[in-house]
Amino acid sequence: MRIAIDLQGLQSDGSRVRGIGRYSIEIIKNIIHNNNFHDYILVANAAMKDLRLNFKDELQLDNVIYYEWCSPCPVDFLSGNITKSKTAIYLRSYSFFCIHADVILITSFFEGFNDNCLVEFDESILNTKIVSIFYDLIPLLNPSLYLDNNPEFHKFYNTKIENFKQLDGILAISKSSANEAIKFLGFEERRVFNISSACNRDLFNVSQNETVSHSIDLEDLSSFILYAGAFDLRKNIYNLLAAYSILPNNILEKYKLVLAGKIANSEKELIDIWIKRHNINPSNVLITGYVSDADLKLLYGSCSLFIFPSLHEGF
């Protein structure tokens with residue numbers, strides 16, 4: 001079987017350093033190494049990040065190739081360039097047609113709002129079976145946070161939902177996300193497969209001989225409570241800070257709060273406001289920004305308590 005894998009879940013600026021990016025690279029590598037009797041075409045968008053180094057070991061295999069499709073840019077939704085977007089769909093569809101794949105796997109369907117990711121096809125050019133990994137319906141189920149006050153994103157997301165419904169099948173990362181697709185999108189159960197999520201045991205494992213250098217000095221932290229993730233409103237950081245602020249003084253003196261993950265300037269400014277509102281000593285809260293895998297592993301292994309206050313996840 002020839003399997004074409006769309007890499008844009010790894011190329012997207014919004015997804016690459018978050019859970020979708022991590023999930024995408026791990027599932028692709030595991031598909032290749034655990035099913036070496038198929039041919040794999042790793043299909044990249046030439047307008048986005050080059051990923052050949054990420055798959056340097058896999059590309060040494062005889063049954064794996066790296067293939068790029070090209071188009072004029074911009075093609076993001078916000079640009080409003082309908083002519084270029086339609087041209088890109090034609091070029092993308094023809095590029096995939098030339099692969100002669102038996103099935104196409106999309107790693108992340110809800111891309112392209114403000115970057116040059118594009119996942120749609122023209123069915124008059126391409127009639128290959130298409131499936132996509134499915135993570136969640138968070139914007140649809142939380143419209144007050146994501147849609148009601150953002151008309152452009154609302155329009156983009158609704159269009160994506162309608163296109164998503166046309167897929168031949170979806171690979172859900174959990175029973176919860178599978179149920180969301182069936183209940184709220186009307187997918188037939190026979191088109192929804194729960195493939196679950198997983199953990200990279202090679203990375204997130206105790207190693208006595210680890211010699212990786214770290215950018216985080218644990219001596220400065222001493223004992224700490226850890227949150228690791230993104231900072232959009234559903235992550236519930238406001239209430240995390242509120243809860244932290246009412247801990248007894250002896251606990252606050254002993255345990256700092258570490259917030260790890262990529263953060264936008266506007267999100268950082270909002271958290272600073274919340275810290276002040278809850279009368280938290282700013283020195284008690286460390287906002288690390290993006291951390292490497294090695295540092296993330298160090299934080300997970302060294303924290304006194306890991307807390308995940310999110311209101312909605314796909315897993």
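## Close-up views of a predicted model

**View 1. Four residues form a nonpolar patch on the surface.** Leu145, Leu233, Leu270 and Ile273 together make a nonpolar surface patch of about 320 Å². The model shown here is predicted. One member of the patch, Leu145, belongs to helix H5, which covers residues 143-146. Leu145 is partly exposed, and its relative accessible area is 35%.

**View 2. The whole chain, for orientation.** The chain holds 12 helices and 11 strands. Its radius of gyration is 21 Å, close to the 20 Å that the globule rule gives for 315 residues, so the chain is as compact as a globular protein of that length. Along the principal axes, the C-alpha atoms fill a box of roughly 65 × 50 × 40 Å. Of the 315 residues, 46% are buried. Take the contacts in the chain with a separation of 6 or more: 76% of them involve residues 24 or more positions apart. The chain exposes about 16700 Å². Carbon and sulfur atoms supply 51% of that area.

**View 3. Helix H9 and the elements it packs against.** Helix H9 runs through residues 237-245. Its buried residues are Ile237, Leu240, Leu241, Ala242 and Tyr244. Two strands and a helix among their packing partners are strand E8 (223-228), strand E9 (255-260) and helix H10 (249-254). The buried residues of H9 also pack against helix H11 (265-277) and strand E10 (285-289). In an α-helix there are 3.6 residues a turn, so residues three or four places apart point the same way.

**View 4. Arg18 meets Asp232.** The structure holds 15 salt bridges. One of them joins Arg18 to Asp232, with the closest N and O atoms 3.4 Å apart. Arg18 sits in the loop between helix H1 (8-11) and helix H2 (19-34), while Asp232 sits in the loop between E8 and H9, so the pair ties together parts that are 214 residues apart in sequence. Arg18 is partly exposed, at 37% relative accessibility. Asp232 is buried, with a relative accessible area of 17%.

**View 5. A network of salt bridges.** Salt bridges link Arg18, Asp232, Arg234, Lys235 and Glu313 in a network. Asp232, which pairs with Arg18, also forms a salt bridge with Arg234, at 3.2 Å from N to O. Arg234 is buried, and its relative accessible area is 8%. Lys235 pairs with Glu313, and here the closest N and O atoms are 2.6 Å apart. Lys235 lies in the loop between E8 and H9, and Glu313 in the segment after strand E11 (305-306), so this salt bridge ties together parts that are 78 residues apart in sequence. Both Lys235 and Glu313 are buried.

**View 6. Cysteines without disulfides.** A search of the whole structure finds zero disulfides. For Cys73, the closest cysteine sulfur is in Cys70, and the distance of 9.2 Å is too far for a bond. A disulfide would need the two sulfur atoms within 2.5 Å. Cys73 is partly exposed, with a relative accessible area of 28%. Cys117 is in no disulfide either. Its nearest cysteine sulfur is that of Cys73, 10 Å away. Cys117 is buried, with a relative accessible area of 2%.

Conventions. Residues numbered from 1 in each chain as written. Predicted model: local features only at pLDDT ≥ 70, side-chain atom pairs only at ≥ 80, totals over all residues. Heavy atoms only, no water. Patch = residues over 30% accessible without salt bridge, like charges linked within 9 Å, V, L, I, M, F, W, Y side chains within 5 Å. Areas by Shrake-Rupley, 256 points an atom, 1.4 Å probe, with all protein chains shown as cover. Salt bridge = Lys/Arg side-chain N within 4 Å of Asp/Glu carboxyl O. Helix = DSSP H or I, 4+ residues; strand = E, 2+ residues; numbered from the N terminus. Buried < 20%, exposed > 50% of the residue type's maximum accessible area, 1.4 Å probe, protein only. Contact = heavy atoms within 4.5 Å. Rg over C-alpha atoms; globule rule 2.2 N^0.38 Å.
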